[in-house]
Amino acid sequence: MLARLASARPASPWLLLLVYMFLGACTDRHVASDTDDDAGDTGVPDDATTSVPPSTTSAPQPLPPGEDTATTAAPDEPCGNGELDRGEGCDDGNREPDDGCLPDCTTGRGTPSLPVWVGGPWPFSLAALDGTLAGAGADALLLAGTGQLELVPLAPGPTAWTLFEQPPRSYTAVAFTVDGDIVTAGVDMTLPPRIWLGRSTLAGAERWTHDYPDLRFAPMQVLLAPGGDIVVFEAHSGIHVFDRDGALRWSHVAPPGSPSGISYEHVTLAADGTLHVVGSTPAALIVDALDPQGALLWRRELESPRQLSSPRAVETPSGGLLVVMSQKMPGMPAPFEIAALAQFDAAGTLQWWRDDELTSAEDLSPADVVAMPGGGAFVAWRHITGFAFKYAIGRYDPTGARLYLHGAQETVLDLAPGPDGRVYSLEIANGSAQVVPYLP
């Protein structure tokens, strides 16, 4: 349930601000091939340090540059007009076959539904509330961003509300507790900049707010541990764990006992409270497991002949850990990268490693990833075409095989798994923010 309740930040809020500079260039549709890649699997070693052999598959198929080749419906044809008419399962404004909404306006895998929320481009973070689990009576979404926090009910139940923070304070990450409380993390830009944490009820009533003058960074992630601890993470500032009332318990500013060339890049929480932290060096993937008190349980270092970057991790339903990352492609220009996935069991043993060479692009990196209840993952990929950020939505089965990859018109900022089985995506399009549900 933790994966459902916690919102993972895919990028620093400082980087997110740069995204808005490219909004006008991020609206072209690009749809990649819907072909699975079956190469790149390895054995299951039990050593702490593992060498990953290079792939021997054929040359990669780059992500398309973003041209729109869709066929738009005639004015008198309801299917393809961009409006959900009677009898249609979806309507994305075209008759293109491989974008999730099929040419006859029936739903296919990865179908984006109509937005459930549209507003100004202020949110950075998204969390989904399981209303039954939290006793709220209905599911809801929570949006957090520049000076604003907004609760959006998905059905009658909790009352919608909006809270405002006075500048220079801003929200950067948010999560729901199992009892329906809201935990927020943000940055106060009063010199010197520092983080702050807050806790409120589902109705928006404040329980407490604390500032931390010695912690000078913008939180990327906030996660809730089973015992109630609050985990705050930022790639360059490490892990900081607070108790349920906001008192700092412990910090790891760098991986314990590691060489200076390793840095943490993403963190996730297991059901038993174990923290799984992923990082990389130019030649290896680093996975650390920390107990709830911050002690190192184990470390795995997977060496690869390819340069790794941008690992993102998510807990699997079976209790393992799935890591999604990008790798430099041998024989291709320096910024050209391919997708890669690796899965570990709870003890840190590598179960498989898969190179998805059909997912390849310039400066490719995972923007965010969420686990699927039946196994596998839903991934938002980011890459660069020219001077513009482009995004694609991919779905992977429990063995890491790619099921589909659809181009996205929007800038994907955050993903949240919903209790209804859909994946909710916080996106920016045409200068506005919207939350789009996907059928995974």
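1. pLDDT is the predictor's confidence in each residue, on a scale from 0 to 100, and it is a sensible place to begin, since this is a predicted model. For the protein the average pLDDT is 80, and 78% of the residues score at least 70. Two stretches call for caution: over residues 1–11 the pLDDT stays under 50, and the model has 51 contacts beyond four places in sequence for them. Over residues 13–49 the pLDDT likewise stays under 50, with 113 such contacts in the model.

2. As for the overall make-up, the protein holds 3 helices and 30 strands. Of its 440 residues, 59% count as buried. Among the contacts in the protein with a separation of 6 or more, 49% are between residues 24 or more positions apart.

3. Strand β5, residues 140–145, deserves a close look, because 6 of its 6 residues are buried and the strand is largely enclosed by the rest of the structure. In a regular strand the side chains alternate between the two faces of the sheet. In β5 both faces are covered, with Ala-140, Leu-142 and Ala-144 buried on one side, and Leu-141, Leu-143 and Gly-145 buried on the other.

4. The pairing partners of β5 can be followed in the model as well. Strand β4, residues 123–129, pairs with β5 in the antiparallel sense over 6 bridges, and within this pairing Pro-123 has Gly-145 of β5 as its bridge partner. Strand β6, residues 148–153, is joined to β5 by 6 bridges, and these two strands run antiparallel; here Leu-143 stands opposite Glu-150 in β6. The hairpin of β5 and β6 has 2 residues between the strands, and in this hairpin Gly-147 takes a positive phi near 65 degrees.

5. An open sheet of 4 strands has the order β12-β13-β14-β15, with antiparallel pairing. Its edge strands are β12 (221–224) and β15 (248–252), each of which pairs on one side only, and from one strand to the next the twist averages 20 degrees. Strand β13, residues 230–234, and strand β14, residues 238–242, pair in the antiparallel sense over 5 bridges, and Glu-234 stands opposite Gly-238 in β14.

6. Turning to the aromatic side chains, the count comes to 4 aromatic pairs. In one of them, the rings of Phe-378 and Tyr-438 have their centres 5.8 Å apart and their planes at 50 degrees, so the pair is tilted. Phe-378 lies in strand β25 (residues 377–385) and Tyr-438 in strand β30 (residues 432–439), so the pair ties together parts that are 60 residues apart in sequence. Both Phe-378 and Tyr-438 are buried. Elsewhere, a charge sits over a ring: the charged end of Arg-169 is placed over the ring of Trp-196, 4.3 Å from its centre.

7. A last residue to examine is Asp-291, which has its place in the loop between β18 (284–290) and β19 (296–303). Asp-291 has a relative accessible area of 17%, and it counts as buried because buried means under 20% relative accessible area. Leaving aside residues up to four places away in sequence, Asp-291 touches Trp-250 and Leu-297. The C-alpha atoms of Asp-291 and Leu-275 are separated by 6.3 Å, these residues being 16 residues apart along the chain.

Conventions
Residues numbered from 1 in each chain as written. Heavy atoms only, no water. Contact = heavy atoms within 4.5 Å. Buried < 20%, exposed > 50% of the residue type's maximum accessible area, 1.4 Å probe, protein only. Pairing = 2+ DSSP bridges. Phe/Tyr/Trp six-rings, centres within 6.5 Å; stacked < 30°, edge-to-face > 60°. Lys NZ or Arg CZ within 6 Å of the ring centre and 35° of its normal. Axes fitted to C-alpha atoms, helices over the stretch in contact; angles between N-to-C directions.
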